[in-house]
Amino acid sequence: MEKPTKTVRVSAGSRIYYFDAHKDKKGQPYISISEIPRPRNPGKKERQRVFVHMEDIDKFASALSELVTHVKNGSEG
C-alpha cells in the first residue's frame with residue numbers, strides 16, 4: 001500500500017483511529033479506516049482495517065451519518 005495522500009488521526013481513549021485517503025494503482029481514490037488499540041504490553045499491535053472504495057463513499061457516508069444521528073439522539077430500534 002502506498003503512502004496516504006492525507007491522514008486524519010483520532011485519539012479515543014485506549015484506541016487510535018486513522019482515516020487515510022489513498023489512490024489505487026489505477027489512480028482511483030479510496031479511504032482506509034484503521035483502528036489500532038494502544039499497546040498495554042510491548043509487542044505486535046493488532047490493526048483492524050476497512051477499505052471504502054470511491055463507488056461506495058457516498059453510501060458509506062450516508063449510513064455513517066444516519067447512525068451518528070441515531071446514537072446522538074439516544075434512539076432505540
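Helices here are DSSP runs of H or I with at least four residues, numbered from the N terminus. Keep that in mind for the last stop of this tour through a predicted model.

**Whole chain**

Show the chain as a cartoon. You should find 1 helix and 4 strands. Trace the chain from its start: the pattern reads β-β-β-β-α. Now colour by burial. Of the 77 residues, 12% count as buried. Switch on the surface. The accessible area is about 6,600 Å², and carbon and sulfur atoms own 52% of that. For contacts with a separation of 6 or more, residues 24 or more positions apart supply 13%.

**The sheet**

Select the strands. The 4 strands make an open sheet, ordered 1-2-3-4, with antiparallel pairing. Strand 1 and strand 4 are the edges, each pairing on one side only. Look along the sheet: from one strand to the next, the twist averages 15°.

**First hairpin**

Zoom to residues 6-12 and 15-23, which are strand 1 and strand 2. They pair in the antiparallel sense over 7 bridges. Pick Lys-6; its bridge partner in strand 2 is Ala-21. Then pick Val-8, which stands opposite Phe-19 in strand 2. Move to the turn. This hairpin leaves 2 residues between its strands. Gly-13 sits in the turn, with a positive phi of about 60°.

**Arg-9**

Stay in strand 1 and select Arg-9. Is Arg-9 buried, partly exposed or exposed? Its relative accessible area is 49%, so Arg-9 counts as partly exposed; the exposed class begins over 50%. Display its neighbours. Leaving aside residues up to four places away in sequence, Arg-9 touches Ile-16, Tyr-17, Tyr-18 and Arg-38. Next, draw a distance from the C-alpha of Arg-9 to the C-alpha of Ile-33. The value is 10.0 Å, for two residues 24 apart along the chain.

**Second hairpin**

Go on to strand 2 and strand 3. Their antiparallel pairing runs over 9 bridges. Select Asp-20 and look across: Ser-32 in strand 3 stands opposite. Follow the backbone round the turn. Here 5 residues lie between the two strands of the hairpin. Gly-27 is in this turn and has a positive phi of about 85°.

**The aromatic pair**

Show all the rings. How many aromatic pairs does a search of the whole structure find? The search finds 1. Select Tyr-30 and Phe-51, which form this pair. A pair of aromatic rings is described by the distance of the centres and the angle of the planes. For Tyr-30 and Phe-51, the centres are 6.0 Å apart and the planes meet at 55°, a tilted arrangement. Tyr-30 belongs to strand 3 (residues 29-37) and Phe-51 to strand 4 (residues 48-53), so the pair ties together parts that are 21 residues apart in sequence. Now compare their cover. Tyr-30 is buried, at 12% relative accessible area. Phe-51 is partly exposed, at 39%.

**The helix**

Finish at helix 1. Select residues 57-72, the 16 residues of this helix. What span should helix 1 have at 1.5 Å a residue? The expected value is 22 Å. The C-alpha atoms at its ends are 22 Å apart, so the model agrees with the expectation. Step just past the helix to Gly-74. Its phi is positive, about 65°.

Methods: Residues are numbered from 1 along each chain as its sequence is written. This is a predicted model: local features need pLDDT of at least 70, side-chain atom pairs count only at pLDDT 80 or more; totals for chains, interfaces and linings use all residues. Side-chain values use heavy atoms; hydrogens and water are left out. Buried means under 20% relative accessible area, exposed over 50%, partly exposed in between (1.4 Å probe, protein chains only). Contact means heavy atoms within 4.5 Å. Accessible areas come from the Shrake-Rupley method with a 1.4 Å probe; for residues, only the protein chains shown count as cover. The expected span of a helix is 1.5 Å times one less than its number of residues. Rings of Phe, Tyr and Trp (its six-membered ring) pair if their centres lie within 6.5 Å; planes under 30 degrees apart count as stacked, over 60 as edge-to-face and the rest as tilted. Two strands pair if DSSP finds at least two bridges between them. Axes are lines fitted to C-alpha atoms, for helices over the stretch in contact, and angles run from 0 to 180 degrees between N-to-C directions.
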